[in-house]
Amino acid sequence: MSQTHPFKPIFDKNSKILILGSFPSVVSRKFGFYYANPQNRFWRVLAGILNTPLPKSMDEKINFLLAHRIAIYDAAISCEIKGSSDAKMTAVKPANLEPIFNSACIAQVFSNGGKAHEICEKYLKNQILNATSKPPVKLPSTSSANANFGFEKLVQEWTVVADTLRDG
């Protein structure tokens, strides 16, 4: 079934890094916010690498991201998808990242998982390179479907996000 991305990117003029997922899950689409499935480890990983309390509400999550100069969006603006599985994504239309790049000084783009990275490489690489002069960095997916990475290993791999924020 064809789906269109249901919500706007989160960023402001101070955003320094951009984290791109693939496309919102069924649960995220239902609740109208990024990484809304409690099984997804995105918010716990970010709180862990930034050594901060876990944001709970939508407003807390938005404030958390902006306070840490993190922008988030998804690489696909629409696609055909059954359920939430990235493996079932077809007919992908890439997101337009220009509004983010034109407003914020993004230094690095990170992709949350293989499908997000694949979309970045296939459709968004030139846009990302033009804006940051660096290719997108692939991080392991925070999805609970990524059984290869336990929480501690995810935190270890995602520490590069905190290092990028700190170094700038």
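Let's start just past helix H2, at Asn 51: this residue follows the helix and has a positive phi, near 55°. Keep in mind that we are looking at a predicted model.

Now step back into H2 itself, which covers residues 42-49. Is this helix mostly covered or mostly open? Mostly covered: six of its eight residues are buried. If you want to find them on screen, click on Phe 42, Trp 43, Val 45, Leu 46, Ala 47 and Ile 49. And what covers them? The list includes three strands, E2 (17-21), E3 (70-74) and E6 (108-112), together with helices H3 (58-67) and H6 (151-167).

Right, on to the charged residues. How many salt bridges does a search of the whole structure find? Three. Let's take them one by one.

Please scroll to helix H5, residues 114-132. Here Glu 118 forms a salt bridge with Lys 115, and their closest N and O atoms are 3.2 Å apart. The two residues are three apart in H5, which means about one helical turn separates them. There's some helpful background for this: an α-helix has 3.6 residues a turn, so residues three or four places apart point the same way. As for the surroundings, Lys 115 is buried, because its relative accessible area of 17% falls under the 20% cut-off. Glu 118, at 44%, is partly exposed.

Staying in H5, the next pair is Lys 125 and Glu 121, which form a salt bridge with closest N and O atoms 3.1 Å apart. These two sit four residues apart in the helix, again about one turn. Their side chains also count as making a polar contact, at 3.1 Å. Lys 125 is partly exposed, with a relative accessible area of 28%, and Glu 121 is partly exposed too, at 31%.

While you have Glu 121 selected, have a look at Lys 93 as well. How far apart are the C-alpha atoms of Glu 121 and Lys 93? They are separated by 13 Å, and the two residues are 28 apart along the chain.

For the last salt bridge, move to helix H6, where Asp 163 and Arg 166 are three residues apart, about one helical turn. Asp 163 forms a salt bridge with Arg 166, and the closest N and O atoms are 2.4 Å apart. Which side of the pair is exposed, and which partly exposed? Arg 166 counts as exposed, with 58% relative accessibility, whereas Asp 163 counts as partly exposed at 30%.

That's my tour, thanks for listening!

Key:
Residues numbered from 1 in each chain as written. Predicted model: local features only at pLDDT ≥ 70, side-chain atom pairs only at ≥ 80, totals over all residues. Heavy atoms only, no water. Polar contact = N/O pair within 3.5 Å; in protein donor to acceptor, adjacent residues only side chain to side chain. Buried < 20%, exposed > 50% of the residue type's maximum accessible area, 1.4 Å probe, protein only. Contact = heavy atoms within 4.5 Å. Salt bridge = Lys/Arg side-chain N within 4 Å of Asp/Glu carboxyl O.
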